[in-house]
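Please open the structure in a viewer and keep the sequence at hand. The tour below proceeds by selection, with a description of what is found at each stop.

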Amino acid sequence: MGAFKSLTGQDIIVSPLTAYSGTISGGTVLVGKNVPYGDEDDEENDAPFPSASLVYASAKQLYYSNSLPNPEATFNTPLNVRRYDNFIQSGLYAPMNFPTAPGATISVVSIPKSLYGDYIKPGSVLCGGARDDGEGNMRSGGINGSIVGRIIYSHGMIIFTSGNGGPASFRSTKIVYETQYKCTIRPDEFNYSCNPTILKTTRPTNPISANGEPTDLGGVVEDYVADNPGFAPYVSAVGLYDSNNVCLAVGKLALPIPTSRTTDMNIVINLDR
């Protein structure tokens with residue numbers, strides 16, 4: 001037997017849960033070089049990654065453009081005001097040096113999203129003899145060493161402006177959203193059952209004969225058990241339906257629980273996604 005009741009926004013709570021993996025390794029090392037695209041010094045990276053000139057230009061524009069002198073400025077100011085989002089990983093100031101001399105090279109480690117999930121856990125990265133300090137900086141020799149590059153945790157990108165990168169070891173992060181549905185059964189709700197065994201008689205009164213005609217065997221339907229003050233249907237499962245009455249999920253109780261005729265009964269369903 002089933003019955004329906006609508007849920008309101010107050011009955012639904014969504015909570016994020018952050019899960020971390022163990023230490024994993026991976027990443028592709030790319031070369032970036034400040035040379036014109038297609039130049040004879042423009043090195044090729046492994047397919048499907050772009051050439052060294054494009055890697056250099058991309059890293060410069062995406063992650064360092066605000067720290068470089070603004071050639072478009074029409075006024076003199078020590079503050080470099082730019083419109084770009086360089087994906088700063090912390091509110092703490094740290095110098096971001098980027099080589100701009102002709103032929104200057106950088107090393108970029110690209111980690112696929114299938115490995116790092118939603119983002120790389122800050123403070124868990126070891127790469128090319130450097131460690132991240134949890135604030136988006138790669139430091140040589142430890143978290144108190146000199147800054148040799150940047151890491152963008154949500155992009156899986158490590159940029160070395162000094163030294164060379166290599167396969168990185170890190171911990172990935174996955175955010176799991178847990179949704180709680182609170183299903184409230186009030187004392188005057190869900191107190192009916194279509195189960196025929198609630199009738200005191202088990203003898204059918206009008207069975208169907210072989211020719212399709214009802215046959216009266218003389219059974220008598222006695223008092224309906226649900227009229228008894230002690231009657232209480234048992235809840236064994238709760239289904240969640242959309243606005244079209246399509247079942248989306250079913251929550252099974254470990255044991256059937258009788259409904260209460262005196263107090264509200266709350267059943268909480270947890271779904272992870």
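Leaving aside its neighbours within four places in sequence, with which residues is Ser-124 in contact? Select Ser-124 in this predicted model; the residues in contact with Ser-124 beyond that sequence window are Asp-132, Ser-169, Phe-170 and Arg-171.

**Stop 1: Ser-124 and its surroundings**

Ser-124 belongs to the loop that runs between β4 (119-120) and β5 (126-127). Its relative accessible area is 14%, so Ser-124 is buried, the cut-off being under 20%. Display the side chain as well: from Ser-124 it reaches the backbone oxygen of Lys-121 at 2.6 Å.

**Stop 2: two successive hairpins**

From Ser-124, move to its contact Asp-132. In β7, Asp-132 has Met-138 as its bridge partner. Now select residues 130-132 and residues 137-140, which are strands β6 and β7; the two pair in the antiparallel sense over three bridges. Four residues lie between the strands of this hairpin, and Gly-134 there takes a positive phi near 80°.

Extend the selection to residues 147-152, strand β8, which runs antiparallel to β7 and is joined to it by three bridges. Asn-137 has its bridge partner, Arg-150, in β8. The hairpin of β7 and β8 has six residues between the strands, and Gly-141 in its turn has a positive phi of about 80°.

**Stop 3: strand β3**

Select residues 105-110 next. Is strand β3 largely enclosed or largely open? Five of its six residues are buried, so β3 is largely enclosed by the rest of the structure.

Two of its strand pairings may be displayed in turn. Strand β2 (residues 28-33) runs antiparallel to β3, with six bridges joining them; in this pairing, Gly-32 has Ile-106 of β3 as its bridge partner. Strand β9 (residues 157-160) is also antiparallel to β3 and is joined to it by four bridges. Here Val-109 stands opposite Ile-158 of β9.

**Stop 4: salt bridges**

How many salt bridges does the structure hold? There are four, and three of them are visited here.

Remain with β2 for one of these. Select Lys-33 and Glu-43, whose side chains meet in a salt bridge at 3.7 Å, N to O. Lys-33 is in strand β2 and Glu-43 in the loop between β2 and α1 (52-64), so the pair ties together parts 10 residues apart in sequence. Lys-33 counts as buried at 15% relative accessibility, whereas Glu-43, at 37%, counts as partly exposed.

Continue to Lys-5 and Glu-189, whose side chains form a salt bridge of 2.9 Å, N to O. The pair links distant parts of the chain, 184 residues apart: Lys-5 is in the segment before β1, and Glu-189 is in the loop between β10 (168-185) and β11 (234-241). Lys-5 is partly exposed at 38% relative accessibility, and Glu-189 is partly exposed with a relative accessible area of 24%.

Then select Arg-186 and Asp-264, which meet through their side chains in a salt bridge of 2.9 Å, N to O. Arg-186 is in the loop between β10 and β11, and Asp-264 in the loop between β12 (247-258) and β13, so this pair ties together parts 78 residues apart in sequence. Both count as partly exposed, Asp-264 at 41% relative accessibility and Arg-186 at 39%.

**Stop 5: Asn-266 in β13**

Select Asn-266, located in strand β13 (residues 265-272). What joins the side chains of Asn-266 and Thr-184? A polar contact of 2.8 Å does so. The C-alpha atoms of these two residues are 4.5 Å apart in space, although the residues are 82 apart in sequence. Beyond its neighbours within four places, Asn-266 is in contact with Lys-182, Cys-183 and Thr-184. Asn-266 counts as partly exposed, at 47% relative accessibility.

**Stop 6: a nonpolar patch**

Display the surface and select Leu-7, Ile-12, Val-14 and Tyr-177. These residues form a nonpolar patch with about 300 Å² of accessible area together. Leu-7 is in the segment before β1 (12-26) and counts as partly exposed at 34% relative accessibility.

**Stop 7: the whole chain**

Finally, return to the full view. The protein chain has two helices and 13 strands, and 30% of its 273 residues are buried. Of the contacts between residues at least 6 apart in sequence, 63% join residues at least 24 apart. The accessible surface comes to about 17000 Å², with 53% of it belonging to carbon and sulfur atoms.

How values were computed: Residues are numbered from 1 along each chain as its sequence is written. This is a predicted model: local features need pLDDT of at least 70, side-chain atom pairs count only at pLDDT 80 or more; totals for chains, interfaces and linings use all residues. Side-chain values use heavy atoms; hydrogens and water are left out. Two strands pair if DSSP finds at least two bridges between them. Buried means under 20% relative accessible area, exposed over 50%, partly exposed in between (1.4 Å probe, protein chains only). Contact means heavy atoms within 4.5 Å. A polar contact is a pair of N or O atoms within 3.5 Å; within protein, one must be able to donate a hydrogen and the other to accept it, and residues adjacent in sequence count only if both atoms are side-chain atoms. Patches are made of residues with over 30% relative accessible area and no salt bridge: like charges are joined within 9 Å, nonpolar side chains (Val, Leu, Ile, Met, Phe, Trp, Tyr) within 5 Å. Accessible areas come from the Shrake-Rupley method with a 1.4 Å probe; for residues, only the protein chains shown count as cover.
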